Amino acid sequence: MISLALPEECRKSGKELFGILNSVPHPTLVEMIAVAGYDFVILDMEHLPHNETLLSQSIQLAQLNGCTPLVRLSSDDISRAGRILDMGAHGIVLSRAESAQQVIALRDAMYFPPVGTRGITGGSVTGFGTLSLDEYIRQTNEKLWLVPMIETPSGIQAIDTLLHIPQVTMVMEGALDLAMSMQLGPQPAHPEVETQIRHLADRCRAADIPFCANPRTPEQQKYWQTQGVSHWLCGEDRGFLFRTLKQRLTDIQSL
């Protein structure tokens, strides 16, 4: 397991972290994201099926290029966390996190005893035996990212209990799903949603846990910068790819 920095380590050093959600599941694109300089990539298994061979290749290419590979799972797939981490992923993003029970179940599936209940294997994660199992267990239990993603009013209400779980590494927001859950429609920048997201960030700050902002407008970006946010989700690759492709076609057609 290549040792990449945790959000807390970067925050203490003053370094900003920038990540992106990968919704086009292919190793070449993940490698491009890593080489482009992103600090972390979230491989989405909540909404997209993932071929395990391609997923493993994506994880390896990300970490070999200095980009922390995380995988997003739903609570129904928590049992898959250990298998995904055995592929070399550095952490799990739990979508629609709503309770301490969910996060504790994920922690148990991710961490080796005595922290959790995960079973152990060897292979590439231990350098095929060049890293002792004792050292591998120590590094893993110290370096994994456990990231609840808050996307419902229930998650907002439970945030203080989630932040008391010692293994929680960073908290993310899902404003679009939060808006839908609040019966506001697909309006992630709705004022009521922004109020809830700011409350979420305030609770993270009070608990000294990094909050990852996902600005969707210049105004939101400026706000989070004034709040000293240093962990950023830069959006989703699928949307950027489409807009870039469309703009290039428009540019050529207009010549």
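**View 1. The largest nonpolar core of this predicted model.** Here you are looking into a core of 54 residues. The residues with the most contacts inside this core are V71, I92, M110, V171 and F211, so they make handy starting points for exploring it.

**View 2. F211 and its contacts.** Zoom in on F211, one of the residues with the most contacts inside the largest core. Setting aside neighbours within four places in sequence, F211 touches V171, E173, I197, L200, A201, C204, W224, V229 and H231. V171 is also among the residues with the most contacts inside the largest core. Apart from that core lies another, of 13 residues, including L21, L70, W145 and L233.

**View 3. H190 in the loop between α9 and α10.** This loop joins α9 (175-181) to α10 (191-207), and H190 is found in it. With a relative accessible area of 17%, H190 is buried, because the cut-off for buried is under 20%. A polar atom of the H190 side chain lies 3.0 Å from the backbone nitrogen of E192. Measure along the sequence and H190 is 14 residues from L176; in space, their C-alpha atoms are 9.5 Å apart.

**View 4. C212 and C234, two cysteines without a bond between them.** Why is there no disulfide here? The sulfur of C212 has its closest cysteine sulfur in C234, 8.2 Å away, which is too far for a bond, since a disulfide needs the sulfur atoms within 2.5 Å. The structure as a whole holds zero disulfides. The surroundings of the pair can be compared too: C212 is buried at 1% relative accessibility, whereas C234 is partly exposed, with a relative accessible area of 26%.

Definitions and conventions. Residues numbered from 1 in each chain as written. Predicted model: local features only at pLDDT ≥ 70, side-chain atom pairs only at ≥ 80, totals over all residues. Heavy atoms only, no water. Core = buried A, V, L, I, M, F, W, Y, C linked by side-chain atoms within 4.5 Å. Buried < 20%, exposed > 50% of the residue type's maximum accessible area, 1.4 Å probe, protein only. Contact = heavy atoms within 4.5 Å. Helix = DSSP H or I, 4+ residues; strand = E, 2+ residues; numbered from the N terminus. Polar contact = N/O pair within 3.5 Å; in protein donor to acceptor, adjacent residues only side chain to side chain.
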